Structure formats: structure tokens, C-alpha cells
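Let's take a walk through this one, starting with how the copies relate and then stepping inside a single chain. Have the 3D view open as you read.

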2 protein chains.
Amino acid sequence: MTGFGHNSEDEAEGRIEALAEMMARLPGLGPRSARRAVLHMLQRRDLLMTPLADAMHDVAAAARECVQCGNLSTAETCAICREERRANGEICVVEDVASLWAMERAGAFRGRYHVLGGLLSALDNVGPDDLRIPRLRGRIADEGVREVILALPATVDGQTTAHYVADAVEGSATVSTLAQGVPVGGELDYLDDGTIGAALRARRSL
Amino acid sequence: MTGFGHNSEDEAEGRIEALAEMMARLPGLGPRSARRAVLHMLQRRDLLMTPLADAMHDVAAAARECVQCGNLSTAETCAICREERRANGEICVVEDVASLWAMERAGAFRGRYHVLGGLLSALDNVGPDDLRIPRLRGRIADEGVREVILALPATVDGQTTAHYVADAVEGSATVSTLAQGVPVGGELDYLDDGTIGAALRARRSL
């Protein structure tokens, strides 16, 4: 406590409060959990708070889109596009980087990705030129892609975009899409009617 | 994308992943929501990510304990201790700064606080000398405190601490504690038996 002059400005606490308000703008944190996070960090200043602030500055300055696929990277091309083994003739088209990370977590896909950067949306005025669709056609030729796998959300905009992408690459590669059905561990009683209907229509023989 | 040299280090993405792992150490964020928070910040670098990192550096350097009450402050004494109107002869004893903030949110207490900095705990080897109890006795004399209000958790350690503090200040001020009972909006069916019993014993005539 020594070494600090007496400071009587009334808004001194405002800086802690302002930090909590900024934290509360992160998804998953509300005002209360943001305050708890600030207290948690203040109890771990050297081990967490300062390194976290440094990492945020670092990543904010370094992160950019992979010029090939649109994935987040700190290099010009991302690690997936740099890995030769992943040039297996398959490209998985996803809406955003969050979807790419979800696919990677599942660990089931061994090819490369193409991040559209959004979905077609008449309501939000997002057209084909706002998405990374022309670049996809170039990659199919350049990288010898045989199959384009659409991993887009099962929403109206997602399915509109899927049809548009399928039309755009028609003739240059085969197009497939993720199966719809009962999630692993899903109980029928808790599933919506649309999913049950789709799972029934796509039933397979055992 | 121009102006960056080609960078082929394989751990380039590691910095984004490392940031997500640090974020996941905050309470209220898991690995998945931490990744979502990183993506959210990267889409708002100048408006959120950089200001947030700056605010964290700022608060990490400036925040300290109020020399009077133990509240978090960026000044030597906190805003509550500096406000003359709050020297109303009442001191509310709380476990930590989170409890102090919860009391302030409720807006029902107009006096000053005393943050113990923890609870007595035989299991965790926390004794009276580890808490801010001696300082409380000094404040009762210095600030003309008439009533000490204990706002400590209704746990074994909380109640042990409450009894210890009550004994320590006996004779110099009256001691009271928060009422126990049915929470506002609480339904009896969802309440534990202990709370119902306490509410029944503390019943009051209408």
C-alpha cells in the first residue's frame, strides 16, 4: 500500500466498473459473471490478468484470414492449408470459423475447409458477392478437388446458401451435405418434429 | 493481407488457441464459450479487443485494497469510505468484495463496509490473524460505530466466523446479522428443509 499518493478522484472505482462492463459484452458473460471474472483476475494478476491482456494485444495484432480458405490464422495461410496431407480432394464448406473449429473438434474430416464468411440472406442484404464463393470455384480447379461437402446450418438461410453453392460448383465437383437425423445420445421424446421427420425419411437398412 | 511476409511456422495458430485457453480459466467460461468469446473479440478488434486488453493492464496495475475497509479501489481509500454520508454509525461485515458488490447492488444499506478477506476455516488453516478482524475493532472506536451488521454466508465457516466476530466486538457495538427465511419470489416446494425451518422459527406477526 505504500508508494501511492493519496488519490481523491471520485471516479477511481469507475475503471474497475468499466472493465466489468467491457467483459460483460463477451458472449457467455452477463453483468454478474463479468464482475466475478474481474475479481478472479485481480486475485491472479501476474498469472492470469497481465498474460491474458498481453495475449489479447498479441492476437489482435497478428490474427488474420487465411488467404486460401478464410480460416483464422497468424500466418498468411493457415496450418490446415499448409498441411500437404489435407489436400485429399475434399473441401468442406462452412459458414464461419466457429463451424470450422466445431468440425475439427469432431476430428472426422481429413480434408481442407472453405469458410464462406456468412450466409446468403435477403433480409440482411447479404448477396453472393459478400461471401467467399468465387474463390471456391478457383480452388476446385487449382487443388484438384473432387468432392465439396456442405456443412451449413439447417436453417432457411443455411439451406438457401447450400443450394446456391451447389449450383455454383456444379459440373466441376460432386456436392454432398451433412446428414440430418437423430443426434448421438438424443432421446426421441425431446426432439423436434422436423428432425424426427427428416430422420425417418433418411432411414437406412440395418 | 499485404505487407506480411510468408510465415510458415507450424505453431502460428497456437497463439489464438493459447488465448482461448487463458479465457477458459475465467469463471463462467468453458473451453467452448472461451473460443466463441475469442472469435467475438476478433470481429471487434478496435472496439472491444484492444480496449479490453488496455483496461485489463490498467486495472491490474492500479487496483488495490482500500486501507480502511479492504474494498477494491484504484485509490488509497475507496469511494464508499471517502463518502462522509456513509459514516452513519453502521458497519456491514462481509466475506469478500463480491459480497460487498452484492450488498451495493441491493441498494438497501447506507453505511460502510468491512471486508474480512475470507472466512475462518480449520480445514483450510485460516485463523483470525489471516482475516481483517483486528482492524475492525480499531474502526469501531475511530469511526463511532454503533452497530455491526454481519452479512456472512449461511455456511458452517460463515457462521463460525460470525460468532468469532461477534465475540471480538462485544461491548463496543451492538451486533446483528442478516435475517434467514424464504427468498423473495421463492416457492416453498423448491426450498430446502433448513430454510423452511429457519423461516418458521423466525416467523413474525402480520
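Before we talk about a rotation axis, here is how the copies get laid on top of one another: they are superposed by least squares on the C-alpha atoms of residues with pLDDT of at least 70 in both. That pLDDT cut-off is there because what you're looking at is a predicted model.

Now do the overlay. Chain B lands on chain A with an RMSD of 0.1 Å after a rotation of 180°, with 0.0 Å of shift along the axis. The two copies are therefore related as by a two-fold rotation axis. Want to find that axis on screen? Look for B:A53, the residue of chain B that comes closest to the axis, with its C-alpha at 2.2 Å. The interface fits this picture: 100% of the interface residues of chain B are interface residues in chain A too, so the copies meet through the same surface.

Next, zoom in on chain A. Here you'll find an open sheet of four strands, paired in parallel, in the order β4-β3-β5-β6. Because β4 (112-115) and β6 (174-177) of chain A stand at the edges with a single partner strand each, one side of each has no neighbour in the sheet. On average, neighbouring strands of this sheet are turned by 25° against each other, direction ignored.

Take β4(A) and its partner as a close-up. Strand β3 of chain A covers residues 90-94 and runs parallel to β4(A), joined to it by four bridges. Within this pairing, A:C92 has A:Y113 of β4(A) as its bridge partner.

Finally, add the helices. Helix α5 of chain A (residues 97-106) lies across β3, β4 and β5 (147-151) of chain A, at about 160° to β4(A). Helix α6 of chain A (residues 133-142) also lies across β3, β4 and β5 of chain A, running at about 160° to β4(A).

How values were computed. Residues numbered from 1 in each chain as written. Chains lettered and ligands numbered in written order. Predicted model: local features only at pLDDT ≥ 70, side-chain atom pairs only at ≥ 80, totals over all residues. Heavy atoms only, no water. Pairing = 2+ DSSP bridges. Helix = DSSP H or I, 4+ residues; strand = E, 2+ residues; numbered from the N terminus. Axes fitted to C-alpha atoms, helices over the stretch in contact; angles between N-to-C directions. Contact = heavy atoms within 4.5 Å.
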